[in-house]
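Here are my notes on the ligand site and the cavities. Please read them with the structure open.

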Amino acid sequence: MITWGENCSYKITSVCPYDIIKLFFFTKFLTMPKSIGCLSVLNDLYTSILGDKLYGKSRLKVEIDHGPTLVIHGGAGIITCKQFSLQNQEEYIDALKKSLMAGYKILLNGGNSIDVVEAAVRIMEDCPLFNAGKGSVFTISGKNELESSIMIGTSDHPAGASTLLHTVKNPITLAKTLLLDPENRHVFLGGVEAEEYAKKKGLGIVDPCYFWTKRRWKQHLEGLENGNKNLATDLNPYPKGTVGAVAVDKNGIIATATSTGGWNNKKDGRIGDTPLIACGTWADNETCGVSGTGDGEFFIRYGVAQDVSSRMRYLGESVNQAADGVVKNLGKVGGSGGVIALDKYGNVAMPFNTGGMYRGYIRVSDGIPYVYIF
Ligand code: ASP
């Protein structure tokens, strides 16, 4: 194990002759200034060129440990530069940075990844720009039905999820409370009973009109007028979406959180992928954490979030290869969307097959929030 800086290190797990070449280039690269995600991309490249193509399966595994990391998304959809004024873009960028900084503060102080992802998602739930919490879209009958899930990557797979919420201000906190409650035996709670539970636990409860926003109401009415021809497509060019976060803490524990208002003008009672463990949310310390956004029905039918993890586990793919492969396959079968994924070494993947995806990440090693839309 070789370390540089306070929070980064790399570990060489096996070496054989041809690996020396690989190692030579790799160590050369390490002397260059660090830049985002490059090391893991380079490692993938070496593995495919020197390992798979010339020598069969590579036996050299260079694990670069970036240390505690947080990655977030604020939804994927039909987002193009043309339709999106610079001022609007800045609003999203600021909101994403705020979310990253909320989680970063906890990571910096050595906090748990579950607290980090909750904090990051709560910021987005409270921000009307995103389709979750305050900014949730309406159902066909003009209600807001919110859903969420959270998971920790330890081997016992702790998880909590909630759906069909009308009065819980921060659905992600309800999911976390379910997960951590020693008296609760259930992973997934919905509707009136879930709201009663939230009330009993002293969580923030609001009048349903708290979730009313002018912009979402306009989208609702426009959808009704055009017969909801394409429910999966946000009529407003900006957000369709969901919000999510994945973090790895100093103990190598991964946690994932996802929260949504679902689709504009979805049928009342429709449950999407977001609260479904393995579809919209997954966490496994041995592989990765994943949070998804996009056509929920596809994410459910193809078990998207867990599929990323399975490719790493059974095919030996890196987090980048696995996430890219799953999102490409999703596109091939007609599903649009994206995922964020993070492994225990802090390697980040953020692929999408839509025009854009609000996304970003931050590492304790440099404390810089990197955010992107397109
Ligand atoms: N996946 C969400 C749902 O289907 C929507 C989205 O992320 O765009 O409810």
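1. Ten residues surround the ligand, counting those with a heavy atom within 4 Å of it. The closest are Thr242, Arg270, Asp273, Thr293 and Gly294.

2. This is a predicted model: local features need pLDDT of at least 70, side-chain atom pairs need pLDDT 80 or more, and totals for chains, interfaces and linings use all residues. Residues are numbered from 1 along each chain as its sequence is written, and side-chain values use heavy atoms, with hydrogens and water left out.

3. Look at the polar contacts (pairs of N or O atoms within 3.5 Å). A side-chain N or O atom of Thr242 is 2.6 Å from a ligand oxygen. For the side chain of Arg270, the distance to an oxygen atom of the ligand is 2.7 Å. Gly294 uses a backbone N or O atom, 2.7 Å from a ligand nitrogen. Taken alone, the ligand exposes 270 Å² (Shrake-Rupley method, 1.4 Å probe). The protein buries 100% of that.

4. By class, the shell around the ligand has one nonpolar, six polar and three charged residues. Here Asp, Glu, Lys and Arg count as charged, Ala, Val, Leu, Ile, Met, Phe, Trp, Tyr, Cys and Pro as nonpolar, and the others, Gly among them, as polar.

5. Where does the ligand sit? It sits in the largest cavity. A cavity is a set of points on a 1 Å grid over the protein atoms alone where a 1.4 Å probe fits but cannot get out. The count comes to three cavities of 30 Å³ or more.

6. The largest cavity has a volume of about 100 Å³. Its lining has 14 residues, with Gly241, Thr242, Thr260, Trp263 and Gly294 nearest the centre. By class, one is nonpolar, nine are polar and four are charged.

Definitions and conventions. Polar contact = N/O pair within 3.5 Å; in protein donor to acceptor, adjacent residues only side chain to side chain. 1 Å grid on protein atoms, 1.4 Å probe; cavity = no way out; pocket = protein on both sides within 12 Å on 5 of 7 lines; lining within 4 Å. Sits in = over half its atoms within 2 Å of the grid points. Points joined across faces, edges and corners; volume = space filled by probe spheres on them.
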